[in-house]
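Here are my notes for a first look through this model. Have the structure open while you read, and take the points in any order you like.

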Amino acid sequence: MAARSKARKRAVDILFEAEQRGLNARDLLAERLANPVTEAPLNQYTADLVEGVVAHWTDINELLATYSQGWTVERMPSVDRAILRLGAFEVLYSDEVPEGVAIAEAVDLATSLSTDDSPKFVNGLLARLAEVKPTLA
């Protein structure tokens, strides 16, 4: 697995865990940076992703709710929410990764971490966000 793919997976893990434990993701990130729970400490890209998602949390959730037809954000599986928040951040707010790569990476995460229907849902919703991105500025 490539370094950035691992960083995304770890960012999803933090976002997911924070939600499950009722913690702020930024606080959990700070805890993980100070006291790593794995042999390899979190890399900077993981931290940048989590910080970016948290910085745009409200906008990301509103956009996910607006463009996910028939699904409220609360009704989505928790892991899908974490993947979609991360993917939406990369698609909408990050200049480091092309939109297509960000979507493909999110779909890969959904394939390995979630239900059989999740990759298609993640792909469709993030592709829609990429499509409307120029109108959001």
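In which hand does helix 1 cross helix 3? Helix 1 passes helix 3 in a right-handed crossing, meaning that the near helix is turned clockwise from the far one by less than a right angle (anticlockwise would be left-handed).

Before the rest, some ground rules. This is a predicted model, where local features need pLDDT of at least 70 and side-chain atom pairs count only at pLDDT 80 or more, while totals for chains, interfaces and linings use all residues. Residues are numbered from 1 along each chain as its sequence is written, and side-chain values use heavy atoms, with hydrogens and water left out.

1. Helix 1 with helix 3. Helix 1 covers residues 3-21 and helix 3 residues 44-55, and they pack at about 45° with their axes 8 Å apart. (Helices here are DSSP runs of H or I, at least four residues, numbered from the N terminus; axes are lines fitted to C-alpha atoms over the stretch in contact, with angles from 0 to 180 degrees between N-to-C directions.) The two helices are therefore oblique to each other; under 35 degrees would count as roughly parallel, over 145 as roughly antiparallel, 65 to 115 as roughly perpendicular, and the rest is oblique. Helix 1 brings Arg4, Ala7, Arg8, Arg10, Ala11, Ile14 and Leu15 to the contact, and helix 3 brings Tyr45, Thr46, Leu49, Val50 and Val53. Contact means heavy atoms within 4.5 Å. By class that is 8 nonpolar, 1 polar and 3 charged residues, where Ala, Val, Leu, Ile, Met, Phe, Trp, Tyr, Cys and Pro are nonpolar, Asp, Glu, Lys and Arg charged, and the others, Gly among them, polar.

2. Helix 2 with helix 3. Helix 3 also meets helix 2 (residues 25-34): their axes come within 9 Å and cross at roughly 160°. That makes helix 2 roughly antiparallel to helix 3. This crossing is left-handed. Ala25, Arg26, Leu29 and Leu33 of helix 2 touch Ala47, Val50, Glu51, Val54 and Ala55 of helix 3, which gives 7 nonpolar, no polar and 2 charged residues.

3. Helix 5 on its own. At 1.5 Å a residue, the 16 residues of helix 5 (78-93) should span 22 Å, and its end C-alpha atoms are indeed 22 Å apart. The expected span is 1.5 Å times one less than the number of residues. Helix 5 is mostly covered, with 15 of its 16 residues buried. Buried means under 20% relative accessible area, exposed over 50%, and partly exposed in between (1.4 Å probe, protein chains only).

4. Helix 5 with helix 7. Helix 7 (residues 118-136) packs on helix 5 at about 30°, axes 10 Å apart. That makes the pair roughly parallel. Their crossing is right-handed. Among the residues in contact are Ile83, Leu84 and Val91 of helix 5 and Phe121, Val122 and Leu125 of helix 7. The contact has 12 nonpolar, 2 polar and 2 charged residues.

5. Three residues to click on. Phe16 sits in helix 1 and is partly exposed at 31% relative accessibility; leaving aside neighbours within four places in sequence, Phe16 touches Ser78, Val79 and Ala82. Gly52 lies in helix 3 and counts as buried at 8%. Pro77 is in the loop between helix 4 (57-67) and helix 5, partly exposed at 34%. The C-alpha atoms of Pro77 and Ser118 are separated by 9.0 Å, though their positions lie 41 residues apart along the chain.
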